[in-house]
Amino acid sequence: MNNLLCDFATRDALIDYVAELSPWLDDRQVSPVVGGAAAAMHRLDSIDPLAYGRTRNFLGGAVTGLSPFVRHAIVTLDQLRNLALRRCERPAQVEKFIQQLAWRDYWQRVYRRYPERIWSDVEPYKTGYSAEEYAVELPQDIAAGETGVACIDQFIAVLQQTGYLHNHARMYVAAYVVHWRRVSWQAGARWFLHHLIDGDPASNNLSWQWVASTFGNKPYIFNLENLRKYADAGINTTARDNAVLDASYEMLSERLFPRGTARQ
Amino acid sequence: MSDLIWLHEDGLRADHPVFAAAGVNNSAVFIWDDAYLQQMDYGFKRLVFIYETLVELPLTILRGDQFECLTRLAGEAGGRILAPATPNPRLQQTLERLRRGFEVEMVEDVAFAPLPQEVDLKRFFRYWNKARKVAMSPSSGSRTDSQ
């Protein structure tokens, strides 16, 4: 047992020190998101819960980026709710914002009451496939961000470089991994937990289960038209580079779930 | 006699209620446990984020095995061990082991939506239908669910 340092002249000095403390890791990528209460307070100042309600589904929308701070209790859901209620004229204006906070509360409650659900299927897949038909390991091209589907590879690069992804992008990647590649949600969830600085066993894994349909009524999928609606300018949404996404929902559903999506 | 506050990764805040629950004589620690961090499979990005958070907190950072460090420190301090409540089974397990030798208290954080403990969790919207009213109101500062 030995005391560790608490004072560093620069962020780089702290990063070097943490590298010394984690010799088992090869990847030395650092997030642009700085930890700590001071950084959290700075973000709290700029939260606009009304704009959040209007734009949160857009990849360039007014999301708060506070999830890593909530994950480690640097900021509480209670604090964020009270702040949202102070920054509106009527509570209904910030209901979407508060409802998203409630999702985290909900996942935490599930984790506490049913801890086994974090790594086990809550329900069977509703994809026509049994759990055994999904790959247990994450394919190498996905881990490397070299799937050949342009938007997915861009999202994976952001995940690996920053440790953060917009929630909608997380859903796109999860849907691609589970439904286009038929990889188990557990493999994807494990991979996300390694990279995400806000990765939480409850929010992350249960959201993967929701996408997979093992904790929801149907599998979540998306198509290129949906991506184009929500993506920001930096995302490659051309049909040529995202061919497997370029179809109607009906066509995709037939292609991905040829046995139907009824409950098993 | 002094209480020992074990601030683990699920409660990294200087005004977490665990501080108020401790006696006036107390000391707070975070244990940098290599084996635990490897079990959690955290990448470097996360470790840096956590460490950046730790250096702003009123605590000592120690490197070692969580159980062994806490056993030794609490033995020397002679008081209780207090920790933020957590759903993490690994942390819970360590706290349960410590309970065999010490008085251990898990302290809940401020609740977002105090609800009956048996609230329906089958689907989010079943929960939301029950939680909405209280979630949409400013908090009472309550730390636990209603019974």
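This is a short conversation about the contacts, strands and domains of a predicted two-chain model.

User: Before we start, how should I read the numbering and the model?
Analyst: Residues are numbered from 1 along each chain as its sequence is written, and chains are lettered from A and ligands numbered from 1 in the order in which they are written. The model is predicted, so local features need pLDDT of at least 70 and side-chain atom pairs count only at pLDDT 80 or more, while totals for chains, interfaces and linings use all residues.

User: What makes residues of chain A and chain B count as in contact, and how many are there?
Analyst: Two residues are in contact if their C-beta atoms, placed from the backbone, lie within 7 Å. By that rule, 56 residues of chain A are in contact with 47 residues of chain B. H6(A) gives the largest share of chain A's side, 14 residues. Helices and strands here are DSSP runs numbered from the N terminus, with at least four residues (H or I) for a helix and at least two (E) for a strand.

User: Which classes of residue make up that side of chain A?
Analyst: It has 32 nonpolar, 15 polar and nine charged residues. Asp, Glu, Lys and Arg count as charged; Ala, Val, Leu, Ile, Met, Phe, Trp, Tyr, Cys and Pro as nonpolar; and the others, Gly among them, as polar.

User: How do you know that S1(A) pairs with S3(B)?
Analyst: Strands pair if DSSP finds at least two bridges between them. S1(A) and S3(B) are joined by two bridges and run antiparallel, so the definition is met. A:Asn2 stands opposite B:Arg63 in S3(B).

User: Why are S1 of chain A and S5 of chain B called edge strands?
Analyst: Because each pairs on one side only, under the two-bridge rule. The open, mixed sheet has six strands in the order S1(A)-S3(B)-S2(B)-S1(B)-S4(B)-S5(B).

User: What makes the crossover from S4(B) to S5(B) right-handed?
Analyst: With the strands pointing away from the viewer, a right-handed path from the first strand over the helix to the second runs clockwise. Here the chain goes from S4(B) through H5(B), residues 89-99, to S5(B), and this β-α-β crossover is right-handed, so its path runs clockwise in that view. S4(B) and S5(B) pair in the parallel sense over four bridges, with B:Ile81 opposite B:Val104.

User: Where do the domain bounds of chain B come from?
Analyst: They come from an automatic or database domain assignment, which gives domain 1 (2-107) and domain 2 (111-147). Taken over C-alpha atoms, the centres of these two domains are separated by 27 Å.
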